[in-house]
Amino acid sequence: MIDGLPLSPRIDPHTHSSCSDGTETPAELMAAAARAGLDVVGLTDHDTTAGWEQAAAAVPTSGVALLRGTEISCADRGLTLHLLAYLFDPDDDALAEAFATARRSRESRSQRMVELLSEDYPITWQDVVEQAVDSRTIGRPHIADALVAAGAFRDRAAAFDGPLATSSPYYVRYWALDPVEACVLVRAAGGVPIAAHPRAGGRQRRLVPDETFARMAEAGLAALEVDHRDHTPAQREQARALAESLGLGVSGSSDYHGRGKPNRLGEHLMDAALLERILDEGNLGLVMP
């Protein structure tokens, strides 16, 4: 049992605000978490901790505890993998530099994608910038929003199914950490790493191999995010079996981004026992109401 929380708390550990590619400010996200009946929400913006302070300031009025985290961009031999890192020291120099490098690479990649897209779609780089006013990380979701604003697609999901897909000729790769190195960096900064949606086959044609997760486990990986809307039932079972074989925990989340995506807060949850482990091993604690 975690002090200050219900016996069976509702924990959604993976969400995004407008500091990366969500559509709500951190304070608005905390209010939305309260309306969804959550007891704990994890703010895990891409490669940034910029939203932590505002989200923490909204904890007393929302009544929802804050689990501070970041979703780290990783790549394994050309395959994309995202790593959720919780309760690490935000002043750790090595992680901060990795985040900054990833953000710079994402932005230059986005500029190149817009150059390619502008040959066939009515968008410019300025259109994308205007969709990312509060963001520290400009990425494909902001390009999607620009395409939607231009009337080319009905919503973000449709744009991602079309020209923004990883298999699209408009897609451009960006620099990202090796996932094993990322686990090492997170642990060195006092954090706890969990692999996000590891079997989401709709995101890319090939999946990160089991051997990579085995190496990540040796480097300190704590769990796999199994219950996620981008996993089919069969993929959830595959991920669950992989976690069991490697002695890893099992997580679940909404991966909420606000408007434009169907993900809904609280649609999948983290078990309280895993949150207790994160709190035991992490450098920080929950921000409590």
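Let's start with one residue. Ala36 counts as partly exposed, at 26% relative accessibility. Keep in mind that this is a predicted model.

Where does Ala36 sit? Ala36 is in the loop that runs between α1 (26-35) and β2 (40-43). What does Ala36 touch, once we leave aside its neighbours within four places in sequence? Ala36 is in contact with Arg10 and Leu265. Now look across to Ala132. Ala36 and Ala132 are 96 residues apart along the chain, and 25 Å separates their C-alpha atoms.

Take another alanine. Ala152 is found in the loop between α6 (140-149) and α7 (156-161). Is Ala152 buried or partly exposed? Ala152 counts as partly exposed, because its relative accessibility is 31% and buried means under 20%. Not counting residues up to four places away in sequence, Ala152 touches Tyr121 and Leu147. Pro122 is worth finding too. Pro122 and Ala152 are 30 residues apart along the chain, with their C-alpha atoms separated by 7.9 Å.

Now step back to the whole chain. How many helices and strands does the protein chain have? The count is 11 helices and seven strands. What about compactness? The radius of gyration is 18 Å, and the globule rule gives 19 Å for 289 residues. Those two values are close, so the protein chain is as compact as a globular protein of that length. Along its principal axes, the C-alpha trace spans about 55 × 45 × 40 Å.

Next, inside and outside. Buried residues make up 56% of the 289 residues. About 11700 Å² of the protein chain is exposed, and carbon and sulfur atoms supply 47% of that area. Then contacts. Consider those between residues at least 6 apart in sequence. Of these, 73% join residues at least 24 apart.

Charges next. How many positive and negative side chains does the protein chain have? There are 27 positive and 42 negative ones. The centres of the two sets lie 5 Å apart.

On to the backbone. Most residues other than glycine have a negative phi. Here are two residues with a positive phi.

Leu87 has a phi near 60°, a positive value, and Leu87 is not a glycine. Look for Leu87 in the loop between β4 (79-86) and α4 (93-117). Is Leu87 buried or exposed? Leu87 is buried, because its relative accessible area is 0%.

Asp255 is not a glycine either, and its phi is positive, at about 55°. Asp255 is placed in the loop between β7 (249-252) and α11 (272-281). With a relative accessible area of 3%, Asp255 is buried.

Last topic: cysteines. How many disulfides does the structure hold? Zero. Take Cys74. The nearest cysteine sulfur to that of Cys74 belongs to Cys183, 7.3 Å away. A disulfide needs two cysteine sulfur atoms within 2.5 Å, so Cys74 is in no disulfide. Cys74 is buried, with a relative accessible area of 1%. Cys19 is buried as well, and its relative accessible area is 8%.

Quick recap, then. The model is predicted. The protein chain has 11 helices and seven strands. Leu87 and Asp255 are buried, while Ala36 and Ala152 are partly exposed. Thanks for listening.

Terms used
Residues numbered from 1 in each chain as written. Predicted model: local features only at pLDDT ≥ 70, side-chain atom pairs only at ≥ 80, totals over all residues. Heavy atoms only, no water. Buried < 20%, exposed > 50% of the residue type's maximum accessible area, 1.4 Å probe, protein only. Helix = DSSP H or I, 4+ residues; strand = E, 2+ residues; numbered from the N terminus. Rg over C-alpha atoms; globule rule 2.2 N^0.38 Å. Contact = heavy atoms within 4.5 Å. Areas by Shrake-Rupley, 256 points an atom, 1.4 Å probe, with all protein chains shown as cover. Lys, Arg positive; Asp, Glu negative; His and termini not counted. Charge placed at Lys NZ, Arg CZ, Asp CG, Glu CD.
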